Structures are given as structure tokens and as C-alpha cells.
Amino acid sequence: MCRLCSGVTALTLFDLVKRSMRKNIKHYYLYFFALILSVVLYFVFATLQHDTAVAEQGTGTMGTAFQVAGILLIVIAGIFIVYANAIFLKRRSREIGLYQLIGLTKRAVARLLILENMLLGIMALIVGIAVGMLVSRVFLLLLMKLIGYEAFIEVSFSTAAVTQTFFVFLAIFVLTTIQMVFTVYRNSLLSLFNSEKQGQHPRKPKTAVSAILALLGIGLIAFGYWLSGRMLNAMIFFNMLAVLATVILGTYLIFRVTISWLLYRIRRSKNGHLGLENSLSLAPLMHRMKSNANSLTIITVLSAMTLTMTAAAYSMYYSTERETQAIMPFDFMFENEAGLADDISEELDVNGISYQREAVETFVVPAEFEEKPAPFLERATDIALLSSERLQQAGIEVDTPKNGEASFHDVSVATLFNSVTLPFDLTLQDEERTILSITEIAQQNVLNWSFFTSQIVVNEETYQSLKEQLAVESGETALQQMDGFHIAEQDMAAASAIYQQDKYKTSDLHVDYYSSYEDAVQSNGLLIFIAGFLGLVFLISTGSILYFKQMTEAEQEKQSYATLRQLGFTVKDIMRGIVRKQAFVFGLPLAIGLAHSIFAIQAASFLFRTDILFPASVAMGVYALIYLVFAVLAVGYYKKTVKAAL
Amino acid sequence: MTTQNKTITQKTSKQTVLQAHNVRKSFGARGNVQQVLKGIDLRVAEGEFVGIMGASGAGKTTLLNVLATIDRATEGTILIDGADISKMKDAELSAFRRNQLGFIFQDYNLLDTLTVKENILLPVSLGKMKKQAAEAQFQSIAKILDIEALADKYPHEISGGQKQRTSAARALINQPSLVFADEPTGALDSKSASSLLGTMADVNKQQGVTIMMVTHDPLASSYCSRVVFLKDGNVYSELYKGDKTRQAFFQEILNVQAVLGGDSVDAL
């Protein structure tokens, strides 16, 4: 008998599922959208990961980068879907309650939901993979363009990608199923019927404690920012952890206490005369601040992370050429190898490559820095002296210092000198202990060095007098003959191939501008692609979560809008208040996230020799623009709700 | 037919606040039109407390919505304070509601996120009323309705009767020409209900506020100065309280209601 009855239930249950899905498309589309979007993005990623063209291009680092990004992607997709499901379940709790009210057992309701979830999941997988196949080609083309790979590429259907996507979403499906079963079994009928009305009521904050915590939140962030500018010392790892901890805790306190505290003070000062706009922004915000604190903190921290990641990656990609040029002002260079320089000149001639060969003379002498921003400067260290006039003739852009003054060129340590006040003294370790005054820290080398030496540029007159004196003292060994080559733009690849032959190799570090540039473009291109892809996924998830939350709030507040319109407020009046609330809900996480990332980028700017203001601003601007699309969507949804309220 | 209760002794000295002429309202599309209001004529003078009664489906709420400018009549003219609301645009209607009308709802319709005081001051928030004037107005109304002590409480912290008083205070804050009340006692226990109705009657008498109240409760309508009975979209009859006691008026209302609802008994 039990068999029979369960069989009958299953049949009707399936009918019920079909019917309720058809009728509730409106409720489902949100969850369904989240599912499909996650499948599409994950599938595209998996396809790229398994693509032969990518695999051929990639070396070991590329594979690891893809793997790490893949795990992050799964985590984000999981959180996103579970969150969307939670909202979806809350919206449907009345329906779930109704099924139980008409006599379905909890078991049957759970089965109904699981069946639905399964159908939705299968449909999302099919649709998502189909869409993913269409768009993965676009992403592959983008990736190849970014890493400078120019060849015809064919996206092949990847069974491995399909299987991988299937298993990832099977795991997520198990998660959402557990979540659904929990909702059915853990909630009483009454709470299911009332869950739409839930929301905490603002309590009067305990003034003293709140005030202290509120200020502590601001203080922690300020301290984190302050410390982020002073991290570069022996305790760098500890400093980074401290910055992260204080800023995240500060952000949480800001959302949990500071804002409620400030809003409460503003509200109290109004003494009941709140006005319509505040009634629609300040009051509901205070009402929900407690439950929103966690998600707003997570969204802010995620936004800050994403912004920092994409801004840094884009800055690296953007400044690849200038960074490489700063390290290697010549296309390639021979040090005391005039013979090899002659050979390569001949070979370049034979191949019809136009080039310019520049002989630059330098001599190396130990010197002591007055300012010692790095540990290796504690002792006297070798420096290379060069003449500015000769460098200018060789096509290197460099200013001519005055007599007795010098400019410092060493991109690897230049940023360390940022905090040093100019000018400072450089004492040469010659017999006369000549003092040069460093008046400029340049962000650019003047020679391609295969080893680590700071280059000091003085004017021709100073150079010649020092040379005479030092040649007597230390003999010919200090004098070095450099042969630098400038290659015409169109011949760079060919020249690089010639230079990279073994016969020209004199040391392990056999680098030329072109091949370094190509390598940098490839790794930075991959970096910006992965950062951009992950950033997009983070952005879409956080934006959607905020949008879903606002949709739910709009529905919960529908009655208020009906009342307000009845009282004689127009849609326009009401929308002014709502726009203010949206500006707060979307704007605050963005603003705090931006501030965090600006300080993070600033702290990391020592990695860059070039100015990254432009690329970082572009990346942040694009992020903010896409993010604002969600705010506009939310406002649109509110407008629809307010219009339909009466 | 024992319903010859129409009194013709209307006090013409009072100014007309609301004048409705041949108001009709139909719902539904072509082919399936349902006429809910079938040509209603109604005049409300300043200082009146008019009750609208009728069985479910008689058109009470539809009439209230149409008169209160929330819904538009299909036909007919409605003048409130001499202004023809059937010719107004939506934005004008909103402004009109905000400045000239007050509303009390069955479910209070207070905003949960606002305190009692903030709720009450909401209607004047866009107006030109100065803050001091609004504050003074609030103080006097809160005193009349006996909710001064609740000013900083949230709706979830007070009782149904207190909520409805708050709602009434909100309706009165902008000194409206006409207050519409839709089953204001529908969700209240009998004690809170009679207390609220007593206050409404006091406000009506002492402040001269004109009130139109829809109710199906004869006890509630016995507080009115006039009761209009609707039946199937028409005005069926009217009762004036005059100098009668409330108990006598209540008895009269019950009599009319018995006749109103008696059709089905006749049919048996």
C-alpha cells in the first residue's frame, strides 16, 4: 500500500512541479539566471583551460594560474548560487507553507523542491553550456590577442570541459538541495508565512559603547591606510597581515556600528521631522543595517580585492613596454666584447637589418651613499660612471647634470629612494674621496646591464676629469667598453633571433629588449585575462547579490509605497527617496572598496617603475561603470514596483 | 416598505465640501462589463460625519476610492471644495490628496520603519509648512488623540488602537478638507473601536473636521451624523442622527440594515 501511495504522490508531485514552475516563472527567473550565468562563465573558463592552443602557449605558470583561478571561480559560483537560492526560497516560503497547509508532508514538499531544483539545474546546464560554447570563442580570441599570439584559432568542443562543469555544478546542486531540505524541515508553518515580513527593528544604540566602536571602525581603517604606506621594512609580511586585519575589521565595524550610529544621530537631530526622502532612505536603511552588515562587508572587501587585482594586472599589462624600456634602453648590448659586437654587426648587415651601433664607455668605482634606504647600501657598493653628453649622442634621453652633480639610474632600487630627500652625497672611494651630489633619481636605466650596478650620470667635463684621475689609480680594469644596438622597429624580431644564437651568448643572462618584451606581454597578458575574467565574475556576483537584495526589499516595501501614493506622493517624489537609498546601498560599498584598493595599489606601486595612475584609473573606472549598471537596474525595478503599487 | 426616513431638512448654511453627481464606475473589458456604481448623487457639507454602509459588494469601497481620487469614475462629476477632480491629471490628483484629503485605513498602513511621530508628520514633509508650525500642529493633534507619549515608538511596539490613532493623527496633520476612513475599526477590539470612534466624533464636533467613513458595522456608524446606505451600486436610503441619542440612532440603523439585508429573507 505504501508503495502504491508513494507512486501516486510521485506522479502528482511531478505534475505539481511542472505547473508551479510554469506559473512562477517570475520567481524562478532570478535563481535560474544565477545558475545559467555561473554555468556559462565556468564552462568558458574550463574550455579555455583545456584548449590546445592555450596549452601550447602556456608554460608551467600558465597552468597553475588557471588552476588557482578555477578554484576561486568555483568558490564564487558556489556562494553566488547558494545566496540566490536563499533569496529564492525566502520569496517562496509562503508557497512552501501553503503546500504543507493543504496536507503535503514535509517529506513530500522537500521532494517537490528537489525535483524542481533538479529540473532547473539540468536546464541551466544545457542552456549554460550551449551559450558557453558560443561565447568561449570570443574569450579565447581575447586571450590570444592579449598574450600577443597571432594565428588562426579554432575552438574545439571539449568533452573534458563539459565533464568538469557537470561535476562542479553537481556539487553545487547538492549544496542547494541541502539548503532546501533545511528550509522545509527547520521552519514552522507560521514562520514560513511571516518570513516576507521579517526584518529587525532598529534599537536605540547604547550611546557610549556604540560611539567607541563607531570611532574604532574609522580608526582601524585609518591606521590600516597609514600602515600601508609604511610597510617596506623587515616586517613586511607582518605589516601586510596587520593592514589586512585592521582594514577588514574596520570595514565590518563601519557597516555594523558606525553607519547605524551616524544615521541614528542624524535621525535624532531631525526630531520626527524626517521628510519623505529620509523616510524612504535613512529609515529603511537603519531598519536593515544589522542584517545587511555581513553581506555589505563581504561585498566591500570583495570589491576592494577585485579592484586591486584588476587595477594591478591592467597596470602591469599597460606598462609592459615602458617597464621593459626602462630596464633596457638599448635593444641589446655587449660588455667588453667588441669582437662579438663586430660579428653581429656583420650578420645584421648580411640580413639587411637596419641598426645603429653605439659605443659607450663607463668605469666602475666603489662609492658610499649618504642615504641608505636599502640594506645592501650599508657598505660601499660599485657604481658605474657615465657621461651624459655621450649618452645623448647614443640616443638615450638623459639630462646633463651641472659640474659636481649627478643623476642616479637604477630601476631596480629607484622606488626605494622615493622617501629620500634630494640632493644627497655620494662619496667615491678614490684617494681624494670625491663627493658627487645626487640631484635626481631617474626611473630609467641608461645601459642594459646584465648585472646589478647603479648607473651614475655626470656631465662630460666631470666625467673626463674623474676618468683621468681614476685611470691612474685603478688601471684599465675599471674602464668598460659597452656596445649598444638600436634596431629599427620592423626588424626587431629578426634581430632578436640573431642575437639569441648561442655564439653570441657570453653569460647566463642573455637578454634582449624584444624577447623580454614578448615574454612580459605573454605573462602579463595572461595575468590581465585571468584577473579580468575573475573580476568580471566577482563583479557580476556582487552586483547581482545587491540587486537581488534590493528586489526583495522592494517587494517587502510595496505596501509602504501604496500607502505613500494614497497619501498623495507621486511616483517621482517616492523615487527621489529610493534613488537616495540606492546611492547609499550601491555607492557605499563601491566608495569604501575604491578607497581600500587605492591604498592597496599605492602600497604596491613600488613594484612599478612607471606611473600607473592612468591604467589603474581606467580599470577602476570600468569596474565602477559596470557595477553602476546594477544600481540602475535596481532603481528600475523599484520604479516598476512603485508604479504598480497603487 | 417602511423606509421613508429621508429627511429633507438639510442645513443649507453649511458650505458644500463634496458634491458627487451621477457617479458611475464599471470594471472589466468590453463584453464583460460589471457596473459597480450605478449613478450615485451625494453631497457632503462642511462639518459632517458621514457613514457609508452596505452589504459586501454594494460598492462602498469603490465609492470611497472614487471619491478619494484613488480611482477614477467611469462617468459623472465629483467636486471637492469646488475643484472638479474628474478633470485633474494624476500629478494634480496626488498634490490634491496630499493637501486637501486625509486617510484612515483598516490596516492602519503605517510605515514600519518610521516612529509614530515620523509617520504622523509624513504628509507635511513635502509641503511648505514650517517646522515650528508642523511641530505645533503635531503636538496639538497628538494631545487630542492621546498619543503624545508614543511619539518615539515604532508601530510594532504599540497596540492596534494606538496604531489607528496614529493613523488618524496622520490624516489630520495637514488640516484636510475631508477625511476618508475605510473600515477604521475593522481590525480593532470593541473597546479600542469605541474609544477611537468617540475621539473621531469629538474631532468632528470640536475641530469641525469633515469625515466620510465606510463601515459595515452599525455600531461604528452610530457615531456618524448621517448614514448613507448603498445597495447594488445605488444610494438606497439615508439616515440623519439629528438630536437623537446614539442608542436610538443605532436602533434606526439596525432597522434599515434589516430591511437592506432582508431581501433574501423575503425571497424565501
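Biologist: Ground rule first: two residues are in contact if their C-beta atoms, placed from the backbone, lie within 7 Å. With that, which strands does helix 5 of chain B lie across?

Modeller: Helix 5 (residues 160-172) of chain B lies across strand 6 and strand 7 (178-182) of chain B. The helix runs at about 170 degrees to strand 6 of chain B. Angles run from 0 to 180 degrees between N-to-C directions, and axes are lines fitted to C-alpha atoms, for helices over the stretch in contact. Helices (H or I, at least four residues) and strands (E, at least two) are DSSP runs, numbered from the N terminus.

Biologist: And helix 8 of chain B, which strands is that touching?

Modeller: Helix 8 (residues 246-260) of chain B packs on the sheet and touches strand 9 and strand 10 of chain B. Its direction makes about 160 degrees with that of strand 10 of chain B.

Biologist: Where does all this come from?

Modeller: This is a predicted model: local features need pLDDT of at least 70, side-chain atom pairs count only at pLDDT 80 or more, and totals for chains, interfaces and linings use all residues. Residues are numbered from 1 along each chain as its sequence is written, while chains are lettered from A and ligands numbered from 1 in the order in which they are written.

Biologist: Back to that sheet. What is the strand order with six strands in chain B?

Modeller: The order is 6-7-8-3-9-10, in an open sheet with mixed pairing. Two strands pair if DSSP finds at least two bridges between them. Strand 6 (101-104) and strand 10 (234-240) of chain B are the edges, each pairing on one side only. The twist averages 20 degrees from one strand to the next.

Biologist: Strand 3 and strand 9 of chain B: parallel or antiparallel?

Modeller: Parallel, over four bridges, for strand 3 (residues 49-53) and strand 9 (residues 226-231) of chain B. B:Ile52 has B:Val228 as its bridge partner in strand 9.

Biologist: What about the sheet of four strands in chain B, what order does it have?

Modeller: That open sheet runs 2-1-4-5 in chain B, with antiparallel pairing. Strand 2 (34-45) and strand 5 (83-84) of chain B each have a single partner strand, so one side of each is left without a neighbour in the sheet. Two bridges join strand 4 (residues 75-80) of chain B to strand 5 of chain B. One of the pairs is B:Leu79 with B:Asp84.

Biologist: Changing topic. How many helices and strands does chain A have?

Modeller: Chain A has 21 helices and eight strands. Its radius of gyration, taken over C-alpha atoms, is 33 Å, well over the 26 Å that the globule rule gives for 646 residues, so chain A is more spread out than a compact globule. The rule is 2.2 Å times the number of residues to the power 0.38. The C-alpha trace of chain A spans about 105 × 65 × 40 Å along its principal axes.

Biologist: And chain B, what radius of gyration?

Modeller: Chain B has 19 Å, which agrees with the value near 18 Å for a compact globule of 268 residues. It has nine helices and ten strands.

Biologist: What share of chain A counts as buried?

Modeller: 40% of its 646 residues. A residue is buried if 20 or more other C-beta atoms lie within 10 Å of its own, exposed if 12 or fewer, and partly exposed in between; C-beta atoms are placed from the backbone. In chain B, buried residues make up 44% of the 268.

Biologist: Strand 4 of chain A, how many of its residues are buried?

Modeller: Four of five, in residues 405-409. Strand 4 of chain A runs parallel to strand 6 (residues 435-442) of chain A, joined by five bridges. With strand 7 (residues 454-458) of chain A, the pairing is antiparallel, over three bridges. There, A:Phe408 has A:Ile456 as its bridge partner.

Biologist: Which residues of helix 17 of chain A are buried?

Modeller: A:Ala495, A:Ser496 and A:Tyr499, in a helix of residues 492-499. Seen down the axis of helix 17 of chain A, these buried residues fall within an arc of 100 degrees, so they line one face of the helix. The arc is that of the directions from the helix axis to the C-beta atoms.

Biologist: Last one. How many residues does the contact take from each chain?

Modeller: It takes 24 residues from chain B and 20 residues from chain A. Helix 2 (90-100), helix 3 (116-121) and helix 4 (131-144) of chain B each give two or more residues to the side of chain B that touches chain A. Helix 2 of chain B gives the largest share, five residues. That side of chain B divides into 13 nonpolar, six polar and five charged residues. Ala, Val, Leu, Ile, Met, Phe, Trp, Tyr, Cys and Pro count as nonpolar, Asp, Glu, Lys and Arg as charged, and the others, Gly among them, as polar.
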